[in-house]
Amino acid sequence: MRWSAVAVLLLSRVASAQPTVTVVVTGDPEGEVEAAIAQSDLPIELRVEALPAPQEVAAVETLPELAAAREHYIAAEFEECTAAVGNLDRVLDLVARGESSQAARLLFWRMACAAATGDNGGAGRTAREFAALRLRVPVEIELATPAVERLLGQAIETLSAEPRRRVRFEGPPRAVVSIDGRERCVLPCHLDLPPGTHIARVEGLGLVTETRRVTDDDREVRFAPERAPPDVAAAQWAERYARDPSSAESRESVSLLARALRANNLVFLRAEQLRGELRLRGVASVDEEVVARAEDAGDADDVTEDVLRDLLVEAEVVVLPRKRWKIALAVVGAALLAAAITFAALYERPVDVEVGF
């Protein structure tokens, strides 16, 4: 085979390759737009996908050590109670997972059981840990002695009077850091923390949540959360935007949706029925970057074709003349033709007069 023939073959294969575009449609009438997409003759592969569904929130189960600690405390088995509740690491892990109420209950039983065994030093340290994390006092406090209640109240009062330390937090811009599930700020920022060990939690769109322990020795904490995989991105999108449709067309939302759907080329369409006609707004992203927006109104088939064409041309996914360019050229051509006819009708050709002698 000659080189020229090989070149022609390769070029023909490249030319025949069609880009794949993931299309998501929302609004009313969604079905008409999807039907129009199925009938589109654009030289691309259009793949219609559903929006990520919100995930069900798992119910928080009672920790077995809490039930065991309560039973031992009521039965006056205080040493067994102390052994059942574990140490501070378990409490901090619960705070890092966002289960502050469970952490408060576990820390309370540690304090109550230690006090019941006569370990006033251990009970005091636990009360200070409780106060440093600024946990809510659980309902179980009604089961403890007045001495335990006074001990906890004194720890909270003492710690609140001590000077705080300023800690600076660095990380991805616009990510949010929270301390013990309470104070929050947008990175980069700083917070004044009370003495003790705390849990810093960083969350952001497109990022995996990262937690870090902050001790009294820390004055600056740097976070480097990993990029969220598609399943995490889908959960974030559903949680933040599925319940707030007005923000679903924002740059952050569309970029996150593209990652959730693993779509290198994404078109997000919102349909509305207004005054008997379809109004369609669209946003296109390439490699998770929003690159084009378009809007039109009219018949479902025509509007869908026009908006898709405009988005994909502006996003440089395909090279095609926009449909409205064709209309503009037709209008200009018609105007030129009318002008020519008018000129021909009004123009009188000069008459040549010859005089002979």
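Biologist: Is Asp180 buried or exposed?

Modeller: In this predicted model, the relative accessibility of Asp180 is 3%. A residue counts as buried when that value is under 20%. Because Asp180 stands at 3%, its class is buried.

Biologist: Where is Asp180 found among the strands?

Modeller: Strand β4 covers residues 176-179, and strand β5 covers residues 183-186. Asp180 belongs to neither strand but to what lies between them. Its place is therefore the loop between β4 and β5.

Biologist: With which side chain does the side chain of Asp180 make a polar contact?

Modeller: A polar contact requires N or O atoms within 3.5 Å. The side chain of Asp180 has such a pairing at 3.1 Å. The partner is the side chain of Arg134.

Biologist: Which residues is Asp180 in contact with, leaving aside its neighbours within four places in sequence?

Modeller: Contact here rests on heavy atoms within 4.5 Å. Arg134, the partner in the polar contact, is on the list of contacts as well. The full list is Val95, Ser100, Ala132, Leu133, Arg134, His198 and Ile199.

Biologist: How many disulfides does the model hold?

Modeller: The rule asks for cysteine sulfur atoms within 2.5 Å. Cys81 and Cys113 satisfy the rule with an S to S distance of 1.5 Å, and Cys185 and Cys189 do so at 1.9 Å. The count is two.

Biologist: How many residues apart in sequence are the parts that the pair of Cys81 and Cys113 ties together?

Modeller: A disulfide joins Cys81 to Cys113. Cys81 lies in helix α4, residues 78-85, and Cys113 in helix α6, residues 100-116, so the link ties together parts of the chain that are apart in sequence by 32 residues.

Biologist: What is the handedness of the link of Cys185 and Cys189?

Modeller: Both of these cysteines are buried. The angle about their S-S bond is 50°. The link is right-handed.

Biologist: What is the pairing when the bonded cysteines are numbered in sequence order?

Modeller: One disulfide joins Cys81 to Cys113, and another is formed by Cys185 and Cys189. Numbered in sequence order, the bonded cysteines have the pairing 1-2, 3-4.

Biologist: What percentage of the protein's residues is buried?

Modeller: The protein has 357 residues, with twelve helices and twelve strands. Among its buried residues are Asp180, Cys81 and Cys113. The buried share is 39%.

Methods: Residues numbered from 1 in each chain as written. Predicted model: local features only at pLDDT ≥ 70, side-chain atom pairs only at ≥ 80, totals over all residues. Heavy atoms only, no water. Helix = DSSP H or I, 4+ residues; strand = E, 2+ residues; numbered from the N terminus. Buried < 20%, exposed > 50% of the residue type's maximum accessible area, 1.4 Å probe, protein only. Polar contact = N/O pair within 3.5 Å; in protein donor to acceptor, adjacent residues only side chain to side chain.
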